[in-house]
Amino acid sequence: MTFRETAVPESTGWRAPVGTFLLFAAGTDAGYARHVDTFGPLDVDSVGPELISVLEASGLTGRGGAAFASWRKMAATAQSRPAGILAPRPVVIGNGAEGEPLSFKDKTLLAEAPHLVIDGLLAAARAVGGSQLYLYAGPSNFPALERAISERPAARGIRLAEAPDRFIAGEASAAVNAIATGSALPFDKRRRLSESGLKNRPTLVLNVETLAHIALIARYGAAWFRSVGSAVDPGTRLISVSGPGPDQVLEVAGNVSLGEVLYLSQIDMANVTAVLVGGYHGRWVKPLDYKLSISGPASHVVRPGAGVFHVLPAGYCGLETTAGIVDYLAGESARQCGPCMFGLPAMAGVLNRIAYRERDPRLVRELERLGRLVAGRGACHHPDGTIQLIGSALDVFSDEIKAHLAGTCTTVNGRAA
Amino acid sequence: MSRTLHIDWTKCDGRGLCTELLPGLLGRDDWGYPVARRGDRTDIAIGRDDAEAADEAIKLCPKLALRVVGGGAGSSGRPAGC
Amino acid sequence: MDEALWAFGRVSGFVSLALFTFSVLLGILNRSGRRLLVLPRFSISLLHRNIALLATVFLGLHVGSLLLDSYAKLNVIDVLVPFLGAYRPFWQGLGTVALDLVAAVVVTGLLRHRLGQRTFKAIHWLTYAMWPIALAHAIGNGTDGTGKWFLVLAVASVAAVGGAVIWRLSATFLETAKAREGGLR
Ligand code: HEM
Ligand code: SF4
Ligand code: SF4
């Protein structure tokens, strides 16, 4: 693969800084002046479609969960733009909705580095020829965003849209729906959003962290981005770490290993039962030598999803924890699609019976049957994400299941019974 | 160019008309909703033999939840999240 | 000649009402998602539609023959705008209202795929108003409306439709009601 450098750094005379891991480099509460001082200026008006090939060379993937190649989404949006001067131009939405309770890296990024996100949104819009720009985020982020937007005349066209605090509110079509109708429910995609989304315009929905990376890649180029991480997982990513210690947001290499994350978060390996990676739609893993990657064998690689790391401390029952999560997820079904609306509560019911020690060996098989029944049947990824979580719990906590069935499990979340 | 039958899950109420018309393609789940017997479960490949019955199902579905997505690799627009 | 038209007008009106009654019952059955004995669900759906269309044809004959009939003194305006007629304006007006509702329901029924489910359903609910109005019109306006045999039939169909509506409103109406109950805790 050849890496094309962006023209922007040369034209502004700004050198790529030595170093990476820059998302929070401007420090807390940085105003626009300090932002420009830290990262150098970005001449947004000179950005054009060539940014898409720079992003292709950079290998940046979406940081909202699905890890889709960002340049592909942008190219599809740009291509869907009909010809003609009166033709509707694309809509670009920065998605900062973070309904996932264990995720807080996007909120943190919006609070600490709003100008990077705005840079990225403006640059992405230029690249696809977009005309309507939105930042979709929780209301707690509004004051900082309003302040940041007011500091920059170029950003004045950006409209803020409120994301409700629901798990599913960050799903791309839910974001479009929330902006269009005020109700953050996913809809059936008869066509891709890049062809027809908000007001039937081509619509590009990018996670806010993705936008921040775009802001830096537009400045320093693809090779700079690739100087961290691996070929498949280049660059850095933000992760939200929670568990026994305090909640932390870390910027780590794209291919970081689980051990490094635990080390960086100062969590003692001996005190870990398992780690939930990727959040409520993610996967439980036991801390072996897993690496983060968007692809690879499941025995060595775990997908980062939206970058959630939740540590279950020693002495806690993973089955009970998972049952609680699935209860929550079943309640968060948008109740539009039958298999999700009925299947998730049914699975939650069976999992609770296993977790609370009903000694019936058929329960596991029933849970697996329900998973197979519901998989792939919903307007959004919610059922499939939930099934993946349950599947990983059955896998990783298989010893606990045996203990439950034998009636020998002694942990009751945290307390020895 | 393969055609697929797309189920809009937000509309389908599991009334089972389509499952009667396309018994080879669709079964019913615990709650009455259609389940594809094989392959993708939201964009279901329809063979030549099922084409007519599929059109009939689209016409008769009481909730207007079905449509044919013509040609291409099926799976048109399953959400990628973001 | 007029006698024959007059008689034909009355008979076609009754046939139309009887067919609408069946159509309403089939519509409700259709909504329940159940089959009827050996009839599959899609046949019920088709029967519902086709009987409704047949009923509409008879309704057209009913109105058309009375338009041509000189006794009824019906004119085009009376057919479309209710309560203006010369003969029993109230009861005849009910018939006009029912006709307008049928026209709306049938047209939106046939254009369902174009209008979308929401519009179709909103208009389709009008059938629950249309049927009793049509029945009242038949009883109040028809020459035989107060006849004994007609009243017996009317009572029977009120019982059937009333029963169906009560069933429609009951918790176990849907075929899948039981299975879905457990899911939604
Ligand atoms: C071209 C004509 C018509 C078509 C295509 C048609 C189609 C349908 C369909 C598809 C349904 C099921 C709706 C659902 O499940 O949500 C339905 C229900 C129903 N239809 Fe019709 N219909 C027609 C005319 C009529 C007429 C003229 C009447 C009245 C006499 C009628 C009375 C009903 C009733 C009572 C229901 C049940 C509605 C409910 O309780 O939800 N329909 N019809
Ligand atoms: S799959 Fe579930 S969460 Fe997603 S749109 Fe359908 S009902 Fe809502
Ligand atoms: S006919 Fe329509 S509503 Fe009924 S099960 Fe099939 S798709 Fe769902």
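## A tour of ligand 1 and the salt bridges

Begin by selecting ligand 1 together with the side chain of C:His48, where an N or O atom of that side chain lies 2.6 Å from a nitrogen atom of the ligand. Keep in mind throughout that this is a predicted model.

Next, widen the selection to the whole surroundings of ligand 1, which lies between chains B and C. The shell holds 24 residues, and the closest of them are B:Arg15, C:His48, C:His124, C:Tyr128 and C:Arg168. Sorted by class, the shell is made of eleven nonpolar, seven polar and six charged residues. If you now display the helices of chain C, you will find that helix 1 (2-32), helix 2 (41-68), helix 4 (89-110), helix 6 (117-124) and helix 7 (127-141) each contribute at least two residues to this shell, with helix 1 of chain C giving the largest share, six residues.

Now centre the view on the iron atom of ligand 1. Its protein donors are the NE2 atoms of C:His48 and C:His124, which lie 2.0 Å from the iron. The arrangement is octahedral because the six donor atoms around the iron subtend angles of 82 to 180 degrees. C:His48 belongs to helix 2 of chain C and C:His124 to helix 6 of chain C, so the pair ties together parts that are 76 residues apart in sequence. Colour the two histidines by accessibility, and both C:His48 and C:His124 come out as buried.

Turn then to the oxygen atoms of ligand 1. From chain C, a polar side-chain atom of C:Arg168 lies 2.6 Å from an oxygen atom of the ligand, while from chain B a polar side-chain atom of B:Arg15 lies 2.7 Å from an oxygen atom of the ligand. Stay on B:Arg15 and add B:Asp13 to the selection, since these two residues form a salt bridge whose closest N and O atoms are 3.1 Å apart. Both B:Arg15 and B:Asp13 are buried.

That pair leads to the salt bridges of the whole structure, of which a search over all chains finds 21. In chain A, select A:Arg353 and A:Glu358, whose closest N and O atoms are 2.7 Å apart in their salt bridge; A:Arg353 is partly exposed at 37% relative accessibility, and A:Glu358 is partly exposed at 33%. Compare A:Lys107 and A:Glu98, a salt bridge with its closest N and O atoms 3.3 Å apart, in which A:Lys107 is partly exposed at 31% whereas A:Glu98 is buried at 10%. Finish with A:Arg63, A:Lys105, A:Asp106 and A:Glu209, which are linked in a network of salt bridges.

Methods. Residues are numbered from 1 along each chain as its sequence is written. Chains are lettered from A and ligands numbered from 1 in the order in which they are written. This is a predicted model: local features need pLDDT of at least 70, side-chain atom pairs count only at pLDDT 80 or more; totals for chains, interfaces and linings use all residues. Side-chain values use heavy atoms; hydrogens and water are left out. A residue is near a molecule or strand if one of its heavy atoms lies within 4 Å of it. A polar contact is a pair of N or O atoms within 3.5 Å; within protein, one must be able to donate a hydrogen and the other to accept it, and residues adjacent in sequence count only if both atoms are side-chain atoms. Helices (H or I, at least four residues) and strands (E, at least two) are DSSP runs, numbered from the N terminus. Ala, Val, Leu, Ile, Met, Phe, Trp, Tyr, Cys and Pro count as nonpolar, Asp, Glu, Lys and Arg as charged, and the others, Gly among them, as polar. Donors are N, O and S atoms within 2.8 Å of the metal (3.2 Å for Na, K and Ca); water is not among the atoms, so sites may look incomplete. Four donors count as tetrahedral if all angles lie between 85 and 135 degrees; four count as square planar and six as octahedral if opposite donors are over 155 degrees apart and all others between 65 and 115; anything else is irregular. Buried means under 20% relative accessible area, exposed over 50%, partly exposed in between (1.4 Å probe, protein chains only). A salt bridge is a side-chain nitrogen of Lys or Arg within 4 Å of a carboxyl oxygen of Asp or Glu.
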